[in-house]
Amino acid sequence: MTRKYSYLQSVGRSDIGRRRANNEDAILQMPEVGVFCVADGIGGGEGGESASHAVVEGLSHVGHAVNDLGRAVEMYDSLFGLKSLPSEPRAFPVLGVRSAWVPIRRNFIELFQPTDPAKAVGRFIARQGEGVYAIVFLVKDVDAQVARLR
């Protein structure tokens, strides 16, 4: 079966509005993997600029749930002409997945193929089909971030 993939083009723009002297918003565009993020600088609140940039710059990677790692790697290679090879697939029986990392630009995609349909990724694919499963951000102190979000 031959698939045609559409390519996304994007333009990012944000306005300072009426209350701020500078624009504290941050924008991330990764159309090759379908990730777009506008982080609001919270209207000039304390630390708004650093908070919005931390969200955009802290992106670690995107997790993509797939039925077949090999086919997914071929798809990403045909779309982006991979400059380096994906990692060797690794099994994570506790999670019920096989995983491989595909480098794209300065980030990467982590592919998850379920090996156990009763585990989270298997249930996700059964419910929603293949697609973005996780968007992962790096933080300095996970416990502090969890406490702050509560």
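**Helix α3 and its surroundings**

Tutor: A126 and R127 of helix α3 are exposed. They lie on the other side of α3 from its buried residues. Keep in mind that this is a predicted model.

Student: Which residues of α3 are buried?

Tutor: α3 spans residues 120-128. Its buried residues are V121, G122, F124 and I125.

Student: How do you know that these residues sit on the same side of α3?

Tutor: Look at the arc they cover around the axis. It is only 160°, which puts them on the same side of α3.

Student: What covers the buried residues of α3?

Tutor: Strands are part of the cover. It includes β3 (59-65), β5 (97-104), β6 (107-114) and β7 (131-137).

Student: What makes G122 count as buried?

Tutor: Its relative accessibility is 6%. Buried means under 20%. So G122 counts as buried.

Student: What does G122 touch beyond four places away in sequence?

Tutor: P114, D116 and P117. As for F112, ten residues from G122 along the chain, the two C-alpha atoms are separated by 9.4 Å.

Student: What follows α3?

Tutor: G129 follows α3. Its phi is positive, near 85°.

Student: Now strand β6. How do you know that E110 has no salt bridge?

Tutor: E110 lies in β6 and is buried. The nearest side chain of opposite charge is R90, 7.8 Å away. A salt bridge needs the charged atoms within 4 Å. So E110 has none, given R90 at that distance.

Student: What does E110 touch instead?

Tutor: Leaving out residues up to four places away in sequence, E110 touches H61, V62, G63, H64, S99, A100 and W101.

Student: What makes β5 and β6 a pair?

Tutor: Count the bridges. There are eight, in the antiparallel sense. Pairing takes at least two bridges. So β5 and β6 pair. One partnership joins V97 to P114 in β6.

Student: How do you know that β4 pairs with β5?

Tutor: Three bridges join β4 (residues 90-92) to β5, and the strands run antiparallel. The cut-off is at least two bridges, so this is a pair as well. F92 has V97 as its bridge partner in β5.

Student: What do β4 and β5 form?

Tutor: A hairpin, with four residues between the strands. In the turn, G96 has a positive phi of about 70°.

Student: What makes up the largest nonpolar core?

Tutor: It has 13 residues. V66, L69, Y76, V102, I104, I109 and L111 have the most contacts inside it. The elements giving two or more residues are α2 (69-80), β5 and β6. The largest share, six residues, comes from α2.

Student: What does L111 touch?

Tutor: Residues up to four places away in sequence are not counted here. L111 touches ten others in the list you can check in the structure, including H64, V66, L69, A72, V73 and Y76. R98, S99, A100 and V102 also belong to the list.

Student: Which residues are in the second core?

Tutor: This core is separate and has six residues. Among them are V97, F112, F124 and I125. F124 and I125 are also among the buried residues of α3.

Student: How many helices and strands does the whole protein have?

Tutor: Four helices and seven strands. Along the sequence the pattern reads β-β-α-β-α-β-β-β-α-β-α. Of its 150 residues, 32% are buried.

Notes. Residues are numbered from 1 along each chain as its sequence is written. This is a predicted model: local features need pLDDT of at least 70, side-chain atom pairs count only at pLDDT 80 or more; totals for chains, interfaces and linings use all residues. Side-chain values use heavy atoms; hydrogens and water are left out. Buried means under 20% relative accessible area, exposed over 50%, partly exposed in between (1.4 Å probe, protein chains only). The arc is that of the directions from the helix axis to the C-beta atoms. Contact means heavy atoms within 4.5 Å. Lys and Arg count as positive and Asp and Glu as negative; His and the chain ends are not counted. A nonpolar core is a set of buried Ala, Val, Leu, Ile, Met, Phe, Trp, Tyr and Cys residues joined through side-chain atoms within 4.5 Å.
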